[in-house]
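Here are a few short exercises to work through with the model open beside you. Try each task before reading its solution.

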Amino acid sequence: MERDQAKPLAPVSDLPSSDDGEVALHLKQVRRKKFVKCFGSVAALAIILAVVIIILIFTVFRVKDPIINMNGVAVTSLELINGTIPKPGSNISVTADVSVKNPNVASFNYRNTTTTLYYYGKVVGDARGPPGRAKAHRIVRMNITIDIIVDRILASPNLVMDVRSGMLTMVSYSRVGGRINILNIIKRHVTVKMNCSMTVNIFSQAIQQQKCKRQVDV
């Protein structure tokens with residue numbers, strides 16, 4: 001009986017409080033809301049960055065084809081017999097003014113340029129230009145000197161007709177191959193080709209007419 005009377009009661013402070021539980025629940029909800037907001041902000045930023053990158057890839061960073069142009073061709077050396085027929089064993093020197101335009105935001109590094117001249121389907125001369133680099137949104141111009149083998153022109157049955165007309169019809173083929181590298185992410189190999197048909201005045205040694213067609217291989 002005395003033992004039961006001596007047994008102490010639990011202090012009021014040790015009993016669970018409903019207020020403490022509500023505070024803990026409130027803090028948990030606050031943390032959850034902050035996490036959701038933080039995660040939502042990060043996800044929204046990631047989506048915005050992805051959209052911006054996609055837009056840049058298809059607009060600013062979109063790889064565009066380089067453009068090659070034949071600005072002009074000049075006959076710098078031509079020896080004629082009686083002012084009409086090229087001298088056998090001599091060479092005709094032709095200087096081609098070729099330019100490469102790079103419309104991209106990155107540089108275009110190209111290898112050796114090649115230019116070949118044809119007279120009625122037969123190769124009568126060719127030349128190689130040095131490798132180079134066309135900076136972003138820039139134009140690189142180069143003069144390529146081509147030595148034409150006169151004996152191959154004299155062997156053509158069409159020469160007599162051309163001499164009578166005073167016009168020498170020739171075709172040039174130029175080729176420039178290289179690579180465009182944008183931030184080491186977007187890389188593209190391109191080869192620009194150009195065919196030009198030209199008519200050279202035998203007497204004035206000037207180009208009377210010229211038509212060019214371009215082609216780009218990737």
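Strands here are DSSP runs of E with at least two residues, numbered from the N terminus, and two strands pair if DSSP finds at least two bridges between them. The model is a predicted one.

**Exercise 1.** Find what links β10 to β11.

*Solution.* Start with the turn: β10 and β11 form a hairpin with three residues between them. Within this turn, Leu183 has a positive phi of about 55°. Next, follow the ladder, where 16 bridges pair β10 with β11 (residues 186–201) in the antiparallel sense. To check the register, take Val171, whose bridge partner in β11 is Ser197.

**Exercise 2.** Work out how β5 and β6 pair with β10.

*Solution.* First take β5 (residues 108–110), which runs antiparallel to β10 (residues 167–182) and is joined to β10 by three bridges. Asn109 is a good place to look, as its bridge partner in β10 is Arg179. Then move to β6 (residues 113–119): five bridges pair this strand with β10, again in the antiparallel sense. Here Thr115 has Ser174 in β10 as its bridge partner.

**Exercise 3.** Which residues touch the most other members of the largest nonpolar core?

*Solution.* This core has 39 residues, and Phe108, Ile148, Ile153 and Met170 touch the most other members. Now ask which element gives the largest share: β11 does, with six residues. Finally, pick Ile153 and set aside its neighbours within four places in sequence; the contacts left are Ile92, Tyr119, Val124, Ile148, Leu159 and Met170.

Terms used:
Residues are numbered from 1 along each chain as its sequence is written. This is a predicted model: local features need pLDDT of at least 70, side-chain atom pairs count only at pLDDT 80 or more; totals for chains, interfaces and linings use all residues. Side-chain values use heavy atoms; hydrogens and water are left out. Helices (H or I, at least four residues) and strands (E, at least two) are DSSP runs, numbered from the N terminus. A nonpolar core is a set of buried Ala, Val, Leu, Ile, Met, Phe, Trp, Tyr and Cys residues joined through side-chain atoms within 4.5 Å. Buried means under 20% relative accessible area, exposed over 50%, partly exposed in between (1.4 Å probe, protein chains only). Contact means heavy atoms within 4.5 Å.
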